[in-house]
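Okay, thanks for coming, everyone. I'll put the structure up and then walk you through it, beginning with a bit of sheet.

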2 protein chains.
Amino acid sequence: MTLLSQARALDIRFPTSLELDGSDAVNVNPDYSAAYLELHLSSGEIGHSLVFTGGRGNEIMVSAIRSVAALLDGHDMEALLADMREASRVVVHDSQMRWLGPEKGVSHMAAGAVVNALWDIKARRAQLPLWEYLARMSSEELVGVVDFTHIQNALTEAEALDILRRGQAGKEERIAHLRSNGYPAYTTTPGWLGYSDEKMLRLSHEAVADGFGLIKLKVGGSLEDDMRRVALVRDALGPDFPVAIDANQKWEVGEAIEWVKALSPWNPYWIEEATSTDDILGHADIRAAISPVRVATGEAVQSRIVFKQLLQVQAIDVMQIDSTRVAGVNENIANLLLAAKFGVIVCPHAGGVGLCELVRHFSFFDYAVVSTHSEGRFIEYVDHLHEHFVDPVVVEGGKYVAPRVPGISAEMHADSLTQWEYPGGPEWTRLLGSP
Amino acid sequence: MTLLSQARALDIRFPTSLELDGSDAVNVNPDYSAAYLELHLSSGEIGHSLVFTGGRGNEIMVSAIRSVAALLDGHDMEALLADMREASRVVVHDSQMRWLGPEKGVSHMAAGAVVNALWDIKARRAQLPLWEYLARMSSEELVGVVDFTHIQNALTEAEALDILRRGQAGKEERIAHLRSNGYPAYTTTPGWLGYSDEKMLRLSHEAVADGFGLIKLKVGGSLEDDMRRVALVRDALGPDFPVAIDANQKWEVGEAIEWVKALSPWNPYWIEEATSTDDILGHADIRAAISPVRVATGEAVQSRIVFKQLLQVQAIDVMQIDSTRVAGVNENIANLLLAAKFGVIVCPHAGGVGLCELVRHFSFFDYAVVSTHSEGRFIEYVDHLHEHFVDPVVVEGGKYVAPRVPGISAEMHADSLTQWEYPGGPEWTRLLGSP
């Protein structure tokens, strides 16, 4: 019987707060960090995953991942790998631990880390990158991994099966297309609040020249600054180039409506996180008031249950799934199916550390068998910290290149893990000074 | 300058899963546990608080409380104690740590533990039990501790001030009334799913004889069993005695509607947690379908932002605040003000370990200066584990007796902390066997 032999969880942090990369109206000085997991099986196999965090508190995620992984102790891992809905149930619905969420925040992200590490093992066994492994599963197998708890009034198992069965037609052509052409990307690199106007404009021009289909600017610090910055970029890129804006949950509902209306002369493509991502009704009110500006959110949406409601009240035009916010691959399949059912586009959140590496698999899978197109869709791209990954993101001509390495792409270089372990790794010892 | 000198966080668990106390349709075998905090100041003062959990995972809460408390390092504690809105901001809105929530789950409850420990110190300094300390604050001071972020489209600071100013009239009489008469309680003791019909009926009769104004039965395991159990209790107690039912989030929306309709011939007083507590729209649909049965929820509602929406869509009749789910006293004042604005009754969740001790302060305060009445309102009461507290709950004639000991009543006996620390305390060493 294959057993869990070790859950090695590491606190890996990068001192990005020393630059102004990653600064926005709310996250003023993040140290992009990963609560990193290696799930060692008695077979000798290792599943890799991570949860992204903003620095402080990464140690809480590490503690949570260790505790959630311990729920697998004594389980027949072959049985769980063969029944990923059951594997998810073991870590998401533990009767004692569920009080910590349920299905939200630290404990839910920890469950996601464990689930994703199991998918890494499954895809490695099949010698396929995760997206292709998922795309080659049957419709029945895919529905069989989804937890439909508390979403059945919006998406039944039968409806999900219909969506996936329709997606089988032309699947091989789409897989071939992805391998040849990749998937469109957008970039947030020009738009951090800490950048000067000159740097913002230079990076915006570079982004267009590099082939990105959309750029995004952070807003919400000062309306005066935002109007100047958005106007500068709009003037520089012309009337039609998609320029999205992102407030990172800074505003009250009424404030969001006023602020976006003030910026609407420059035709923003979407407004992202206009208010608390937990405010489903607030997002609906905002969307109704600022149309035709699209409403986007999702990087902090805690579960499929909140996405369901955002869709039920027509609060969003763009679903921004995140690879490490929810309970892993299983729940993100549910999210993609909900988006397909309600006809909204999916433009995944990425950046941070490792999020680009992981989340591309979901868009590639989505194109292959769920939405079956990529029109108006982009995966976020930020050019940070990819050098630490064994299978780093490659973006060429503004497109994510199809991953080919087996697994979920979360594995980091052993040297990166050693150097950047917090607080004892050599790089941190150097930065923090000797004790 | 007063500084934080130590944040002592302990993992305290009680083996309640060995009995069937506390069993419901979802929480099948909880070990009632406390992530317990002593906040030691350089002045020698100690603030006490705790977060309730279901057992496994309590170590994650302990880790989170340590990390959140460390955010106070170097702060002038006198300045924070004098400005509790700022104290809350420091622990709730830390720019790096907020990614872990924001404002939900483990990290949010940890923030609540730290905030509550500070209130414990404030009330002890004033030599008043928390409820009376709060009741004697001015309306302006009370509004000054509330974080109105992301609720201002439902409750403005000015509206909150109006509510509190109206509550000043007759305050002294109501405080005197509370001291003489206490506050109505209801009991869940008869209704656990694991109890035999005989035990349920015996305890139900005892509850009525003891003066409780309402009893609650757990439902959601099997409809056949629920119909039998609810009918037995209804027959035993007569047509008018309030009997509430509680599904602990077991059902899908449609299932909840069918199940409650099947039980409605026996006139349930409210249905509690009919579906996911995160499903605001689902609760609204259920309420519309099962009227006149009241809809109650709240013990797992993550923040004021979710309560706001439950009220905006008229999804609940009964707000069930919990003392350790949200970010402490400050956020529960926001919740009470939201309930007052929208005209719903507040019947706090309690039970577990320490929840009765802490939450009574909120209902007493609510009666004194917010809602100004207790009609149709009850504080949940379960007769478990009170012996571990220095200022235990006293219920007489079905009423919570007014607390008189200074502070928030979270302090546990030193011997209880020693005996039940997990896993190394003597009681656990005995239960778990020697290693």
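Let's start with a quick one: which residue in β3(A) stands opposite Y36(A)? It's L50(A). And before I go on, keep in mind that this is a predicted model.

So, the strands around that pair. We have an open sheet of three strands in chain A, in the order β1-β2-β3, with antiparallel pairing. At the edges are β1 and β3 of chain A, each with a single partner strand, so each has one side without a neighbour in the sheet. If you ignore direction, neighbouring strands here are turned by 15° against each other on average.

Now strand by strand. β1(A), residues 4-13, runs antiparallel to β2(A), and nine bridges join the two. As a landmark there, look for D11(A), which stands opposite A35(A) in β2(A). On the other side, β2(A) pairs with β3(A), residues 46-53, over eight bridges, again antiparallel. There the landmark is S33(A), whose bridge partner in β3(A) is T53(A). Follow the chain from β2(A) into β3(A) and you go round a hairpin with four residues between the strands. In that turn, G44(A) has a positive phi of about 95°.

Is β2(A) mostly covered or mostly open? Mostly covered: of the nine residues in the strand, 33-41, eight are buried.

What lies over this sheet? Two helices to point out. α1(A) lies across β1, β2 and β3 of chain A, and runs at about 170° to β1(A). α4(A) lies across β2 and β3 of chain A, at about 145° to β3(A). Hold on to both of those helices, please, as they come back in a minute.

Let me zoom out to the whole chain. Chain A has 17 helices and 13 strands. Its radius of gyration is 21 Å, close to the 22 Å from the globule rule for 435 residues, so chain A is as compact as a globular protein of that length. Along the principal axes, the C-alpha trace of chain A spans about 65 × 60 × 45 Å. Buried residues account for 62% of the 435 in chain A. And if you take the contacts in chain A between residues at least 6 apart in sequence, 75% of them join residues at least 24 apart.

Right, on to the two chains together. How many residues does each chain put into the contact? Chain A gives 51 residues and chain B gives 51 residues. On the chain A side, the elements that give two or more residues are α1, α4, α11, α12 and α13. So here are our two helices from the sheet again: α1(A), residues 58-69, and α4(A), residues 105-125. The largest share of that side comes from α1(A), with six residues. Sorted by class, the side of chain A that touches chain B has 18 nonpolar, 25 polar and eight charged residues.

And the symmetry? Chain A superposes on chain B by a rotation of 180° with 0.0 Å of shift along the axis, at an RMSD of 0.0 Å. That's the relation of a two-fold axis. If you want to find the axis on screen, go to G105(A), whose C-alpha is the nearest to it in chain A, at 2.5 Å. One last point on this: 100% of the interface residues of chain A are interface residues in chain B too, so the copies meet through the same surface.

That's my tour. Over to you for questions.

Definitions and conventions: Residues are numbered from 1 along each chain as its sequence is written. Chains are lettered from A and ligands numbered from 1 in the order in which they are written. This is a predicted model: local features need pLDDT of at least 70, side-chain atom pairs count only at pLDDT 80 or more; totals for chains, interfaces and linings use all residues. Copies are superposed by least squares on the C-alpha atoms of residues with pLDDT of at least 70 in both. Two residues are in contact if their C-beta atoms, placed from the backbone, lie within 7 Å. A residue is buried if 20 or more other C-beta atoms lie within 10 Å of its own, exposed if 12 or fewer, and partly exposed in between; C-beta atoms are placed from the backbone. Two strands pair if DSSP finds at least two bridges between them. The radius of gyration is taken over C-alpha atoms; the globule rule is 2.2 Å times the number of residues to the power 0.38. Ala, Val, Leu, Ile, Met, Phe, Trp, Tyr, Cys and Pro count as nonpolar, Asp, Glu, Lys and Arg as charged, and the others, Gly among them, as polar. Axes are lines fitted to C-alpha atoms, for helices over the stretch in contact, and angles run from 0 to 180 degrees between N-to-C directions.
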